[in-house]
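Student: Could you take me on a close look at one part of this model, the place where the ligand sits? I would like to see how the surroundings are put together.

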Amino acid sequence: MIKVEENASLKSYNTFGIDVNTKYLCRITTEKQLINLLQSPLFKQEKHYILGGGSNVLFTGDFDGLVIKDEIKGIETVREDDNHITVKVGAGENWHQFVMHAVASGWGGIENLSLIPGTVGAAPMQNIGAYGVEVKNLIENVDAVELSTGVFKTFSNEQCGFGYRESVFKKELAKKYFISSVTLRLSKKNHLLNTTYGAIQETLKEMNVTQPTLQTISNAVINIRKSKLPDPIVIGNAGSFFKNPTVPLKQYEELQNSNPTAPGYPVDNQNVKIPAGWLIEQCGWKGKRINNVGVHPKQALVLVNYGEGNGAEILNLSEKIKASVMEKFQIQLTPEVNIL
Ligand code: EPU
């Protein structure tokens with residue numbers, strides 16, 4: 001039996017805290033429930049959207065269809081030897097809680113991805129990344145169900161087509177699959193600790209840590225994120241609203257001529273990635289507030305909802321920011337969040 005709620009509120013299911021409703025809402029806790037739903041007339045009649053933790057979505061109005069909430073849980077050991085453990089994790093598990101479980105168990109690899117909001121199933125979707133680590137480096141495979149046929153498929157890491165905040169699930173196969181679990185391979189010893197990111201080094205120093213461990217790196221990341229990024233429970237937001245744009249090296253050099261401090265990270269010999277937060281700050285947006293919505297005072301890449309804001313206001317603000325970055329720098333910003 002599948003239970004479907006009608007005219008359900010999505011306010012607590014999106015981290016922007018936008019007060020919208022969906023015509024239908026169905027929570028999926030088992031693969032069997034999903035198959036039943038896929039065979040139902042409701043699924044065939046209505047448009048649908050699959051929701052994980054709602055931390056990367058902006059609802060600009062009520063959803064006139066079926067929201068399928070991925071709540072499949074469980075952490076299962078697939079393989080283990082002295083050096084590594086491979087675990088299969090239900091897509092509906094909270095990402096940060098899973099990271100905390102890994103750190104406490106002494107499993108290394110994802111400690112730099114502490115405190116990222118959202119679910120485990122959303123992690124491969126946009127190849128989450130922070131402080132020098134991307135989840136694609138740990139994922140062995142992703143189990144998913146094809147929505148049109150109900151057929152199960154296991155995607156190898158290669159088949160996931162990972163890129164910067166990208167995967168096959170966001171591009172070619174967008175809206176075609178429901179991710180049910182993610183299998184990750186983590187280290188049990190000789191951990192490859194990544195402390196190259198400047199902010200991590202500084203924070204570890206402040207914490208008087210000379211020999212970093214999984215736990216202290218995780219703590220450092222949590223401290224950095226808490227100091228810079230607003231807690232969605234307190235102020236609605238979806239993390240970075242835009243991706244960091246990549247520009248040709250020549251354009252970056254021109255930018256540096258007029259702005260010697262312009263930050264940039266080489267992508268390859270020809271291209272440089274520029275922090276969108278810097279571009280937005282240069283356009284004077286940091287800390288600006290327009291009625292109920294605004295740009296976070298500590299990180300210009302994060303748009304916030306101060307409480308009563310709606311999706312249209314956030315979208316409108318994002319369009320204004322895009323236009324001013326284009327006018328000042330001739331650089332196109334692309335949203336990282338899904339706009340519905
Ligand atoms: N900067 C500014 N002003 C700002 C913000 C940033 O000038 O208001 C400049 C600074 O030069 C800073 C640089 O941007 O050194 C980089 O800033 P930060 O280290 O905060 O990282 P980011 O590029 O803004 C990316 C990810 C974050 C991730 C951090 C840390 C994207 C779109 N965002 O942000 O991911 O936590 O790196 O690795 O790639 C997310 O995707 O939701 C997210 C929070």
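Tutor: Happy to! A polar contact here is a pair of N or O atoms within 3.5 Å. Keep in mind as we go that this is a predicted model. With that cut-off in hand, start at Arg 225: an N or O atom of its side chain is 3.2 Å from an oxygen atom of the ligand. Lys 228 also uses its side chain, placing a polar atom 3.0 Å from a ligand oxygen. At Gly 277 the backbone takes part instead, with a polar atom 3.5 Å from a nitrogen atom of the ligand. As for cover, the ligand taken alone exposes 810 Å², and the protein buries 82% of that.

Now let's widen the view to the whole shell. There are 24 residues around the ligand, and those that come nearest are Tyr 131, Tyr 164, Tyr 197, Glu 281 and Ala 300. Sorted by character, the shell has eleven nonpolar residues, seven charged ones and six polar ones.

Where along the chain do these residues come from? Two helices, α6 (214–228) and α8 (276–282), and two strands, β8 (129–130) and β13 (236–240), each supply at least two residues of the shell. The largest share, three residues, belongs to α8.

Finally, step back to the domains. The assignment divides the chain into domain 1 (4–70), domain 2 (75–228) and domain 3 (236–339). Domain 2 and domain 3 each give at least three residues to the shell around the ligand.

Conventions:
Residues are numbered from 1 along each chain as its sequence is written. This is a predicted model: local features need pLDDT of at least 70, side-chain atom pairs count only at pLDDT 80 or more; totals for chains, interfaces and linings use all residues. Side-chain values use heavy atoms; hydrogens and water are left out. A residue is near a molecule or strand if one of its heavy atoms lies within 4 Å of it. A polar contact is a pair of N or O atoms within 3.5 Å; within protein, one must be able to donate a hydrogen and the other to accept it, and residues adjacent in sequence count only if both atoms are side-chain atoms. Accessible areas come from the Shrake-Rupley method with a 1.4 Å probe; for residues, only the protein chains shown count as cover. Helices (H or I, at least four residues) and strands (E, at least two) are DSSP runs, numbered from the N terminus. Ala, Val, Leu, Ile, Met, Phe, Trp, Tyr, Cys and Pro count as nonpolar, Asp, Glu, Lys and Arg as charged, and the others, Gly among them, as polar. Domain bounds come from an automatic or database domain assignment.
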